[in-house]
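Visitor: Could you take me through one part of this structure up close? I'd like to see the strands of the smaller piece first, and then how that part sits in the whole.

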Amino acid sequence: MEKRTTEKLVIDNTEYTTGLSRRYKERKPYEAPVPGRLYSFIPGTVIEVLVSVGDSVRQGDDMVILDAMKMKNRLKSHVEGTVVAVNVKPGDRVTKGMVLAEIS
Amino acid sequence: MALEKKIRELKEKREKMLLGGGEEAVGKQKAMGKNTARERIMAILDTGTFNEYDMFVEHDARDFGMDKKHLPSDGVVIGTGSVHGNPVAIFAQDFTVAGGSLGLMHSRKITKIMDHALKMRIPLIGINDSGGARIQEGVNSLAGYGEIFFRNTISSGVIPQISVILGPCAGGAVYSPALTDFVFVVENISKMFITGPEVIKTVLGEEISMEALGGARVHCETSGNAHFFSMSEEECFSQIKRLISLIPRNNEVKAQPAETMPPDSSYDIEQIVPGDPTLPYDVRDVIRAVADSSDFFEIQEMYARNMVIGLGRIGGRTVGFVANQPLEMAGVLDVDSSDKAARFIRYCDAFNIPLVTFVDLPGYLPGVDQEHAGVIRHGAKVLYAYSEATVPKLTVILRKAYGGGYIAMSSRHLRADFVFAWPAAEIAVMGPEGAANIIFRKEITSASSPEEMRKQKVEEYREKFANPYVAASRGYVDAVIEPSETRRLLLHALEVSENKVVQMPWKKHGIPPF
């Protein structure tokens, strides 16, 4: 193993001199989901966007149809409110966890 | 004489089969840096010991023009032979014949040699080099895979099963290696995945090369699916031979002992571990300082490096080493390292290999990603594996042994047979900095100089609890020893536990936190 002993890791208030693993360095900081945001739960292709900015939506309304794993998935609004942003259009390829639209 | 003619005929028939998929296909195989199936078998087995069976087996598929296709030996070579004098059963898929694709008869040859291996209680070596299911044979191919997986499972823990990935191994085919004990891979040659780059691209729109998705390095570093990495087939074969020489041929015997050899005198055991518990060192040097000839055969060297596992000998007997590695992530237990250690502990237990554990860890790794990845369940695997293991369990606490990490790493409480601690060991619920902050919170916050008070309380705690004597006073540690006494005591402990017997309550099987 190459000597990589310049990095620091703190556990229980104690700072250890050690190497950090790639998995640790590349870990994503936790972000709490924001209620008004519509996230893609899987990577895929947007087939249809059913809402536009300014539309009012109720909980359970279909907003985007996402093609993934050979299935057409209806992404529904979890909240009631007004659409303030639509970040995708039909044909867009999206990654997992992307914000597709926002409701306020 | 008629017999002479018949013998000549046989020779001709054999010659034809030995050509495999023919000159052109063999040429392609060679161009990829790959040996042929039979060459690979010969390279692993002792010279002149290979005996091939089912050479003349052929498929009888009729659909899609298969009735006109002649596939020599149906794309797989099976037989028996020996490695360093130890009998083994072996099969090798022949990529030069229909891409090593698996049809019904191909699978029947593999299951035949698997049945032999189990019945004769000898190790099974499987060389995988196949494009996957032979689509023309339809559900018969799937049946073939299923029969192989079933045998892998039934043989697990009875005979050693070794998988060698020397080509593609994709789709359902990957589950046979996944069910075996050890997976060997070679840079640029091995490719393993459930769904290939093409499918991933069409379904998910993610682009990735075959090597980046399921190459040798990925499975050794990231997924943990493979155990041994090498740069060439030759290096891979010598690793396999070395492994076979260290492990028993089945679960009813012990590994063959070798002559006792002293460790290399260049490893000064007292100079390896720094006194400051926050400073790193390579724990493999401690292993080498106690192992015969300082010979340590590391397993999963590139995966979850904060945990070191591998085989070696002490006093000629094979032992399994498990050690926290302060060089990486301060040696913490986390999802991957727990998984890695637990599986190896169960391997050693299944095959009568005593466990020698070196402890130096600050505990479990904190973090949302770890908690969400199930560190509770994965960490529990270590507890489960150590608790259920009935082979001799010898533990040496080198330095830190804090909190849950102390319990998990083969502690007395999980029925370690011998627990030794070096004089600088700190066996405590946590490190002095963390503990003092909690226990003396009031004193610290209400002091006129909190920082001064904190330092004082940390020192107080360190003095009182950061040592091996509190644990020794309760008998949790059997002996506090000088580092230089370690090998002698391990040798003695192994001798004493040679005929260890433990009665466990009857059960069909436990339910480990898979």
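Guide: Here is a walk through the sheet in chain A, followed by the chain around it, the contact with chain B, and chain B itself.

One thing up front: this is a predicted model, and it scores ipTM 0.84 and pTM 0.93.

Let's start with the sheet. Four strands of chain A make an open sheet in the order β7-β6-β4-β9, and the pairing is antiparallel. β7 (71–76) and β9 of chain A are the edge strands, each with a single partner, so each has one side left without a neighbour in the sheet. As for what holds such an arrangement together, strands of a sheet pair through backbone hydrogen bonds, in either a parallel or an antiparallel way.

Now zoom in on β4(A), residues 44–49. Toward β6(A), residues 62–68, β4(A) makes four bridges, with the two strands running antiparallel. Toward β9(A), residues 93–94, two bridges do the job, and this pair is antiparallel as well.

You can follow the pairing residue by residue. Take A:Thr45: its bridge partner in β6(A) is A:Asp67, while in β9(A) its bridge partner is A:Arg93. So much for that position; step along to A:Val46, and the bridge partner in β6(A) is A:Leu66. If you're picturing where the side chains point, the general pattern is that in a regular strand they alternate between the two faces of the sheet.

Zooming out to the rest of chain A, the secondary structure comes to one helix and ten strands. Along the sequence the pattern reads β-β-α-β-β-β-β-β-β-β-β. The radius of gyration of chain A is 20 Å, well over the 13 Å the globule rule gives for 104 residues, so the chain is more spread out than a compact globule. In terms of a box, the C-alpha trace spans about 55 × 30 × 20 Å along its principal axes. Of the 104 residues, 20% count as buried. Looking at contacts in chain A with a separation of 6 or more, 51% are between residues 24 or more positions apart.

Next, the contact between the chains. Chain A puts in 24 residues and chain B puts in 27. On the chain B side, the elements giving two or more residues are α7 (197–204), α13 (368–372) and α16 (432–439). The largest share there, three residues, comes from α16(B). Sorted by class, that side of chain B has 13 nonpolar, eight polar and six charged residues.

That leaves chain B itself. Its secondary structure has 20 helices and 17 strands, and its C-alpha atoms fill a box of roughly 100 × 55 × 45 Å along the principal axes. Chain B is divided into domain 1 (2–246), domain 2 (269–430 + 467–496) and domain 3 (432–465). Between the centres of domain 2 and domain 3 of chain B, taken over C-alpha atoms, the separation is 30 Å. Of the 514 residues of chain B, 48% count as buried. For contacts in chain B with a separation of 6 or more, residues 24 or more positions apart account for 74%. On confidence, chain B averages a pLDDT of 95, and 100% of its residues score at least 70.

Definitions and conventions
Residues numbered from 1 in each chain as written. Chains lettered and ligands numbered in written order. Predicted model: local features only at pLDDT ≥ 70, side-chain atom pairs only at ≥ 80, totals over all residues. Contact = placed C-beta atoms within 7 Å. Nonpolar A, V, L, I, M, F, W, Y, C, P; charged D, E, K, R; others polar. Domains from an automatic or database assignment. pLDDT = per-residue confidence, 0-100. Pairing = 2+ DSSP bridges. Buried ≥ 20, exposed ≤ 12 C-beta atoms within 10 Å, placed from the backbone. Rg over C-alpha atoms; globule rule 2.2 N^0.38 Å.
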